Amino acid sequence: MAVGVPFPPHRRTVRDPDPTRWALKNGKLRLECRPGPEDPRLRADVLTQRLPAETFTASTTLTLTGGHAGLAVMGDTYAWVGLEHAPDGPRLVCRADGVDLMPPVPVPEATARLSVVVGPGAVCRFHTGRGEAGAPFQATAGPWVGAVLALFAGGEAGHAEFGGFTVTAMSGDMTQRGRSNDSTL
């Protein structure tokens, strides 16, 4: 890197997450919704995990009491599926780099099953309990460790509760890396 050339904004170092803003209880992760950038790559309070295999499915459940939260794939670009509270009630959303990949869908309760299927070449497809969400997208490597999975919450008030985060390899490639084919984190 040339001297005097700043990192792009999404590559700046952020502080560690505040441990008073999250809790792990009864097998569920609770993240407080806090104000901050819409771009989850710029938030300090995001839980991330390197992509565990070449092809896999990662799934979780989400219950939201305010703000917005979801399951993301982040790297040089980002995309996420999740819930947000709007004036007319909760809705299911899928976004990539701030652009809706599908029209927001009103949901009667602020609870959803979320998953991402990562296929060969890091082509990703988000799914919800209602089916596929948005168009397929290409995961991109980030500046340090490649693409990552992420859980996040943001907004002015409320919290997100994630339960049962499960990763399942589609081709056995997690076993080749010393992991089981189905793991619950």
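The legends below describe close-up views of a predicted model, beginning with the whole protein and then turning to selected side chains.

**View 1. The whole predicted model contains one helix and 15 strands.** Of the 185 residues in the protein, 45% are buried. Among the contacts between residues at least 6 apart in sequence, 62% join residues that are at least 24 apart. The protein exposes about 9600 Å², and carbon and sulfur atoms supply 55% of that area.

**View 2. The rings of Trp80 and Phe152 form an aromatic pair.** A search of the whole structure finds two aromatic pairs. In the pair shown here, the ring centres of Trp80 and Phe152 lie 5.0 Å apart and the planes stand at 85°, so the arrangement is edge-to-face. Trp80 belongs to strand S6, which covers residues 78-86, while Phe152 belongs to strand S13, which covers residues 148-154, and the pair therefore ties together parts that are 72 residues apart in sequence. Trp80 has a relative accessible area of 3% and is buried, and Phe152, with a relative accessible area of 0%, is buried as well.

**View 3. His68 is shown with the residues that it touches.** His68 is placed in strand S5, which covers residues 68-74, and at 8% relative accessibility this histidine counts as buried. When residues up to four places away in sequence are not counted, His68 touches Cys33, Glu38, Trp80, Leu83, Glu84, Phe152, Ala153, Gly154 and Gly155. Trp80 and Phe152, which are among these contacts of His68, are the two residues whose rings form the edge-to-face pair of View 2.

**View 4. Glu84, Arg91, Arg95 and Asp100 are linked in a network of salt bridges.** Within this network, the side chains of Arg95 and Glu84 meet in a salt bridge, with a distance of 3.1 Å from N to O. Arg95 lies in strand S7, which covers residues 89-96, and Glu84 lies in strand S6, so this salt bridge ties together parts that are 11 residues apart in sequence. Arg95 also forms a salt bridge with Asp100, and here the closest N and O atoms are 2.6 Å apart. Are Arg95 and Glu84 buried or exposed? Both Arg95 and Glu84 are buried, and for Arg95 the relative accessible area is 14%. Asp100, by contrast, counts as partly exposed, at 37% relative accessibility.

**View 5. Glu32 and Arg30 meet through their side chains in a salt bridge.** The structure holds seven salt bridges, and in the one shown here the distance from N to O is 3.1 Å. Glu32 counts as partly exposed, at 26% relative accessibility, and Arg30 likewise counts as partly exposed, at 31% relative accessibility.

**View 6. Cys33 and Cys94 are both buried in the predicted model.** Cys33 counts as buried at 6% relative accessibility, and Cys94 is buried with a relative accessible area of 0%. A disulfide is a covalent bond between the sulfur atoms of two cysteines. How many disulfides does a search of the whole structure find? The search finds zero disulfides. Cys33 is also one of the residues that His68 touches, which links this view to View 3.

Conventions:
Residues are numbered from 1 along each chain as its sequence is written. This is a predicted model: local features need pLDDT of at least 70, side-chain atom pairs count only at pLDDT 80 or more; totals for chains, interfaces and linings use all residues. Side-chain values use heavy atoms; hydrogens and water are left out. Rings of Phe, Tyr and Trp (its six-membered ring) pair if their centres lie within 6.5 Å; planes under 30 degrees apart count as stacked, over 60 as edge-to-face and the rest as tilted. Helices (H or I, at least four residues) and strands (E, at least two) are DSSP runs, numbered from the N terminus. Buried means under 20% relative accessible area, exposed over 50%, partly exposed in between (1.4 Å probe, protein chains only). A salt bridge is a side-chain nitrogen of Lys or Arg within 4 Å of a carboxyl oxygen of Asp or Glu. Contact means heavy atoms within 4.5 Å. A disulfide is a pair of cysteine sulfur atoms within 2.5 Å. Accessible areas come from the Shrake-Rupley method with a 1.4 Å probe; for residues, only the protein chains shown count as cover.
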